[in-house]
Structure formats: C-alpha cells, structure tokens
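Here are some worked exercises to try with the coordinates open beside you. Have a go at each task before you read its solution.

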Amino acid sequence: MNGETARVLETIKKQYYYQSEYLQAAEEILDSLDAAISSNPALTDWKIIERFVRPDRVISFRVCWVDDKGEVQVNNGYRVQFNNAIGPYKGGLRFHASVNESILKFLGLEQVLKNSLTGLPMGGGKGGSDFDPHGKSDGEVMRFCQAFMTELHRYIGDDIDVPAGDIGVGGREIGYLYGQYKRLTHRSDGVLTGKGIPFGGSLGRTPATGYGLCYFAEAAMKKLRNTTFAGKTVVVSGSGNVAHYAAEKAIQLGGKVVAMSDSSGYVFDPNGIDLEAVYQIKQVRRARIKEYLADHPKATYCDGPSGIWSLPCDVALPCATQNELDENDAKKLIANGVLGVFEGANMPCTLAAQRLLIEKGILYSPGKASNAGGVAVSGLEMSQNSMRLSWSFEEVDSRLKTIMESIFENCLATAVKYGKQENLLFGANVYGFEKVSSAMLSLGVI
Ligand code: NDP
C-alpha cells in the first residue's frame, strides 16, 4: 500500500480498532487501489479514499416485541447507508445473533463495490438485527419483523434505500416486513426486493445469487482453464438460499455436489447430495442438516462445519458466512488439487486464505463479484416495479447470465490492464471503485 491508502487504513484502524470485520474488508479493498489512485491525483486531493471507506451514516435503533410467552424482548436494529453516489442505497437485511455494527459496515462497504460491478444504478447499504430466528415460531418472527419495520420505514424509500434479504431473512421475513411497510405508509412501491411473486416480486430472484455464482464460475473456468462444471466434484458450504441454488445450478451444469453444511457440521454423500432432501430439512422443517443421514445410509456426518474443506474436490463454493475458510483450509484444498474457489457468501475466505489461493494460481473470485447475481436481479425487480411490468423467468435468468459473464470479463480485463493477470480480486476492487469514485468526484464534497 502506498501513502494515501496506508494512511487511511491506519486512521480507521485506530478509530475502529474493535471492528475487526470492517477493518478486514477495508484492508482487502485498499490493498488493490494504489495503482488506480496514483493515476488520478484528484482522488487524493478530494479525499475520495477517506470518504469512500466510511459510511454516509449508521442508523441504530431499539426493536421491542412480545414473544409467545407474553414476555417483552429487546433487540438492536441497524441500517448502514454506506454510499449512494451511483444510485439509491441497496443491500440486504441480516437477522443473526452475531449482527453488530462491524459486520454491517463490512457488508455495506463490499456492497458498494458489488452494486457498481453489476452495471446497474445502485448505491450500497446493509442492515439487520441481532435477532436470532432459530427456534422462533412463525408468529414471533412476524411480530419481530413488524417491530423492526416500524422504525426502519422512516429511512427507506424506492428512490432512497431499498433493502432485501440476507442470512436469516428470506421470503417469509420479506413478506412480513413489506406488510408492515404497507400498513404504515399506504404505499405499494418497490421498497423491498425479494418480494413474493403475487405482490411485486421478480421471477428468478430467489435462485439468482446461487445461479449467478455458477454462471460466473463457468465463465471463468471456460476462459481461463478451458474447462467447465461437467464432470467436476463440487463442495458447497452452507445449506441456505445461496448454497441451495448454487448446488442446483452446479448439478444442472454437469457437476457432482458431494457435500453441504450448516453451522453445526457437514454431510458427505459419495453418491452426490440429494438436494431435495436438504431443502426439506433446512428450508421446510428448519432442522439440522444431520437429519440427512436418516434416509441416506451411504452418507456420513461430521460435527463442525469447517472440516468440509478437507474433502477432495475440483470446485469449492463457500456459500455460508464470513471467514468460514481460513489459511489452513485453503492449504488443504490446494493439497487436494482444487481448481477453483468461487465465493457465494460475503468474505468467506480470510485475508490469508485469499492471498494463498491467488499466490498458488488457484482460480479465485471474491463474493463481491461472483455473488452479485442476487442484487443484480434485485435491480431488475426494482425496474419491473417502476414500470409496472413483470418479466418471465427466462428473460430474468438470461439477463442474469449476461450480467455475471460481463462482471467476470470486466474484472479480468481490469486485472490484465494493471498487469495482474488472473487476479479477479484486484479486478473487482478496481473496476467497482473506478465508477463509484468518478461519481463521487462529479458530485463534489457532500
Ligand atoms: P441463509 O440464512 O439462507 O443460509 C445461511 C446458511 O449458512 C444456513 O444453512 C446456515 O446454517 C449456514 N451457516 C451459517 N454459519 C455457517 C458456518 N460457519 N458454516 C457452515 N454453514 C453455516 O443465508 P443466505 O444463503 O442468504 O446467505 C449466505 C451468504 O451469502 C451470506 O454471506 C450472505 O451475506 C451472502 N449473500 C446472500 C445473498 C442472497 O441473495 N441471499 C446475496 C449475496 C450474498 P444454520 O441453519 O445452522 O444457521
């Protein structure tokens, strides 16, 4: 890192020493930006880097609701509006016990670049709560969502800030959140994406992140290794929205998915994972993935999710959560001859794991590039809502594929332009930053 990036990183490290995830994301991005900055002195003169790494604002609020026993529960709610230079703030809501300001700032910063990469006019934001949906009844989830939206609705709008889902926020939660938004505002605009099809959702949004990940990976494998998913052994971590549809598309493209996980452990099935069984366990019954063993006698289960990376595979798709794949896991994957690691989750690889994969010439794509399909189709949902139109699944899916292939091409071309060959992490950071920083310069000091 040169003077300006190093100086900014040092400043935020001192100021936010307790926000490890935010600092990790900032370091990873700043590490790529020296060349882009040195070619344009205005970026330093106008303090663009210093402004770019800080959110426009962090809104935090109390969320009070009543559980099934009649007891009052209190949670923390947040919305981080990170950067709206190229369009309204856009990014998901996460409901998970671990949610705090650091995690939402890391996700918001990543989202700014991701949304820029899609080529659509969307700024970046992120929000959520430390509410843990595990073990909650449907009524409790509904009451929590209503309480959360009662505060959040003051800060969002279809041209202001458009939230969506993330960990712990799927179709059920988006429905309850949107219901409360309607009750409070009397409006039927596209203020949330990931809505159900009968009330303004887009066909193709639910599978978009997972499908988009595989479109990106297929394009990278074809162009850079002259191969495809066909005949490849694939390991997918997680078993939520992103993991499910990534596994489904990998199988459709000819791959064999042999393992999936949840936060308790992983299942390995040498016959290939029975995806419908995982769906029933995780999405319908909201149970533990271990239950897979009951109907699959050849499968095995291991406690602890990170063991999944010791399984030999050609393609690894981390689709669960941040920092789930560390340097040791990367070493095991490399020793077992992995061809590519393509991120479906946000920042699933630690900094050390990323660096090792790139250094050893493994195909590697950061989540901000390869998981951008979800927000890209959210952008298409916003367009359909504004136009009062709905496109077919085929139309949305084909636009998604085109967007993912062009994100890959743009990341690669940018890496090559700066002499970084196949470094898609560098390409994603610089290509995403160029558009946002150019808009920030044009908009003046605001
Ligand atoms: P979900 O809530 O649908 O699923 C998360 C899954 O990950 C669950 O199966 C959960 O298991 C599992 N999990 C959590 N921690 C671990 C762990 N340490 N090891 C293995 N599995 C774990 O979330 P999504 O699928 O929506 O999101 C997954 C990732 O993708 C996140 O990083 C998110 O930010 C990112 N993402 C999501 C997008 C979307 O459109 N949904 C868009 C872009 C990125 P359990 O049931 O035990 O909790």
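A crossover is called right-handed if, with the strands pointing away from the viewer, the path from the first strand over the helix to the second runs clockwise. Helices (H or I, at least four residues) and strands (E, at least two) are DSSP runs, numbered from the N terminus. This is a predicted model, in which local features need pLDDT of at least 70, side-chain atom pairs count only at pLDDT 80 or more, and totals for chains, interfaces and linings use all residues. Residues are numbered from 1 along each chain as its sequence is written, and side-chain values use heavy atoms, with hydrogens and water left out.

**Exercise 1. Describe the surroundings of strand β4 (residues 124-129).**

Step 1: check burial, where buried means under 20% relative accessible area, exposed over 50%, and partly exposed in between (1.4 Å probe, protein chains only). Six of the six residues of β4 are buried. G124, K126 and G128 point one way, while G125, G127 and S129 point the other way.

Step 2: find the paired strands, given that two strands pair if DSSP finds at least two bridges between them. Strand β2 (residues 72-83) is antiparallel to β4, with six bridges; V80, for instance, has K126 as its bridge partner. Strand β3 (residues 89-95) runs parallel to β4 and is joined to it by three bridges, and here R94 is partnered with G128.

Step 3: trace the connection. Together, β3, helix α6 (residues 101-117) and β4 form a β-α-β unit that is right-handed.

**Exercise 2. Place S102, a residue of helix α6, in its environment.**

Step 1: S102 counts as buried because its relative accessible area is 4%.

Step 2: list its contacts (heavy atoms within 4.5 Å). Setting aside neighbours within four places in sequence, S102 touches Q19, S20, E21 and Y22.

Step 3: look for a polar contact, meaning a pair of N or O atoms within 3.5 Å; within protein, one must be able to donate a hydrogen and the other to accept it, and residues adjacent in sequence count only if both atoms are side-chain atoms. The side chains of S102 and E21 make one at 2.6 Å.

**Exercise 3. Is C64 buried or partly exposed?**

Step 1: locate C64, which lies in strand β1 (residues 57-66).

Step 2: C64 has 39% relative accessibility, so it counts as partly exposed.

Step 3: not counting residues up to four places away in sequence, C64 touches Q73, V74 and A147.

**Exercise 4. Work out the span and packing of helix α10 (residues 241-252).**

Step 1: take the expected span as 1.5 Å times one less than the number of residues. For the twelve residues of α10 that is 16 Å, and the 17 Å from first C-alpha to last is close to it.

Step 2: the buried residues of α10 include V242, H244, Y245 and K249. The partners against which its buried residues pack include α9 (208-225), β6 (233-237) and β7 (256-261).

Step 3: after α10 comes G254, which has a positive phi, near 100°.

**Exercise 5. Which residues are closest to the ligand?**

Step 1: count a residue as near if one of its heavy atoms lies within 4 Å. There are 26 residues around the ligand, and the closest are D166, T209, S263, K282 and R288.

Step 2: compare ligand oxygen distances. An N or O atom in the side chain of R288 is 2.6 Å from a ligand oxygen, and for the side chain of R205 the value is 3.2 Å. V242 instead offers a backbone N or O atom, 2.9 Å from an oxygen atom of the ligand.
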